[in-house]
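Reader: I should like a close look at the aromatic ring pairs in this chain and at what surrounds them. Please state the cut-offs as you proceed.

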Amino acid sequence: MPAIESLPGRFPIFPLTGALLLPGGNLPLNIFEPRYLQMVRDAMQTDHVIGMIQPSGESRPDGNPPIYSTGCAGKIGNFRETEDGRFLITLTGVARFDVAEELSVTTPYRQVAAEFGRWQHDLNPEPPADSLRGDLLQALSGFFELHEIEADWKTIETAPLAGLVTSLAMICPFEPNEKQAVLEAEDLNAQASLLTALMQMSTMPGAQETSSRH
C-alpha cells in the first residue's frame with residue numbers, strides 16, 4: 001500500500017448514490033456517461049485515482065448534487081473498453097478522505113482537494129476482533145433470508161473477518177445513509193459492529209413496514 005503522503009491532494013470524484021467503496025474493497029463500475037468516460041481517461045493518464053462519494057441531497061441549480069464530506073479514494077485496477085464505447089473498470093479502495101474543498105474546474109467532472117490525515121490507519125488496518133464473528137453471522141443469516149439472498153455459507157464462515165466485513169458492507173442492500181455511516185465508522189471493529197446492528201434492525205418485526213412508510 002502507498003504511504004499517505006504519496007496519495008494525490010486533488011482528484012476527480014464520482015458521486016453515486018448507494019455505491020460504497022471501502023479500503024481494500026473492489027468496486028466494479030460500468031462507465032458510460034461522456035463526462036465520466038473523460039474522467040477515467042484523464043485518471044488513467046495521471047495517478048489512476050478516483051474518489052467515490054455519495055450525494056447527500058437533491059441536485060442544485062447547476063445540476064450537481066451536494067456531496068457528503070467523506071468518501072474513499074480508489075485506484076483503477078482492471079480496465080476494459082467495450083465495443084459500444086463503455087469502460088468497465090474496477091476501483092480498489094485505498095483510503096478514506098475528507099473533502100477539504102470542491103474545486104472550481106473546467107473539466108466536465110467534479111474534483112476535490114482532499115485530506116487523508118484522519119484516515120491514515122486505513123493503509124495498515126487492525127483486523128477486527130474475531131469475537132464479533134458470531135453475532136455478525138447470526139445477523140447475516142436473518143438478513144439474507146429476509147432478502148432471499150443465496151449464500152455459500154462454508155466460504156462465509158471461513159473467510160477472513162476483515163475481508164468479510166468489507167465485502168458485506170459494500171454489497172448488502174442498505175440505505176444510502178446507512179452505507180455512509182459504515183464508511184465513516186472509525187475502523188473495522190466499528191464497521192463490523194454497525195453492520196451487525198443494521199442487519200439486526202432490518203429483520204426486527206415491523207422494520208419493513210416502517211421503512212416503506214419513510
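Author: In this predicted model, the count of aromatic pairs (Phe, Tyr or Trp rings, the six-membered one for Trp, with centres within 6.5 Å; stacked if the planes are under 30 degrees apart, edge-to-face if over 60, tilted otherwise) comes to seven. In one of them, the ring centres of Phe14 and Tyr36 are 4.4 Å apart and the planes meet at 40°, so this pair is tilted. The two partners are 22 residues apart and come from distant parts of the chain, Phe14 from strand E1 (residues 10-15) and Tyr36 from helix H1 (residues 34-44); helices (H or I, at least four residues) and strands (E, at least two) are DSSP runs numbered from the N terminus. Phe14 has a relative accessibility of 8% and therefore counts as buried (under 20% relative accessible area with a 1.4 Å probe and protein chains only; over 50% is exposed, in between partly exposed). Tyr36, at 7%, is buried too.

Phe143 and Phe174 form another tilted pair, with 5.3 Å from centre to centre and 40° between the planes. This pair also joins distant parts of the chain, 31 residues apart: Phe143 belongs to helix H2 (residues 133-146), and Phe174 to the loop between helix H4 (161-171) and helix H5 (176-184). Phe143 is buried at 1% relative accessibility, and Phe174 is buried at 9%. Elsewhere, ring pairs link Phe11, Phe97 and Phe116 into a cluster.

Residues are numbered from 1 along each chain as its sequence is written, and side-chain values use heavy atoms, without hydrogens or water. Local features need a pLDDT (the predictor's confidence in each residue, from 0 to 100) of at least 70 and side-chain atom pairs count only at 80 or more, whereas totals for chains, interfaces and linings use all residues.

Phe174 leads on to Lys179, which lies in helix H5 and has Phe174 among its contacts (heavy atoms within 4.5 Å), together with Gly18, Leu20, Gln54, Ala169, Met170 and Cys172, leaving aside neighbours within four places in sequence. Lys179 is buried but has no salt bridge (a side-chain nitrogen of Lys or Arg within 4 Å of a carboxyl oxygen of Asp or Glu); Glu178, the nearest side chain of opposite charge (Lys and Arg positive, Asp and Glu negative, His and chain ends not counted), is 8.9 Å away. The side chain of Lys179 does reach the backbone oxygen of Gly18 at 3.2 Å and that of Cys172 at 3.4 Å.

Ala169 and Met170 are among the buried residues of H4, with Leu161, Leu164, Val165, Thr166 and Leu168. Their cover includes strand E2 (26-31), H2, helix H3 (153-158), H5 and helix H6 (188-202).

Phe97, from the cluster, is touched by Thr70, as are Ile53, Asp98, Arg118, Trp119, Gln180, Leu183 and Glu184, not counting residues up to four places away in sequence. Thr70 is in strand E4 (residues 70-81) and is buried, at 1% relative accessible area. Its side chain makes a polar contact (N or O atoms within 3.5 Å, one able to donate a hydrogen and the other to accept it within protein; sequence-adjacent residues count only if both are side-chain atoms) with the side chain of Arg118 at 3.5 Å.

Finally, the protein averages a pLDDT of 93, and 94% of the residues score at least 70. Over residues 210-214, however, the pLDDT is below 50, and this stretch has zero contacts in the model beyond near neighbours in sequence.
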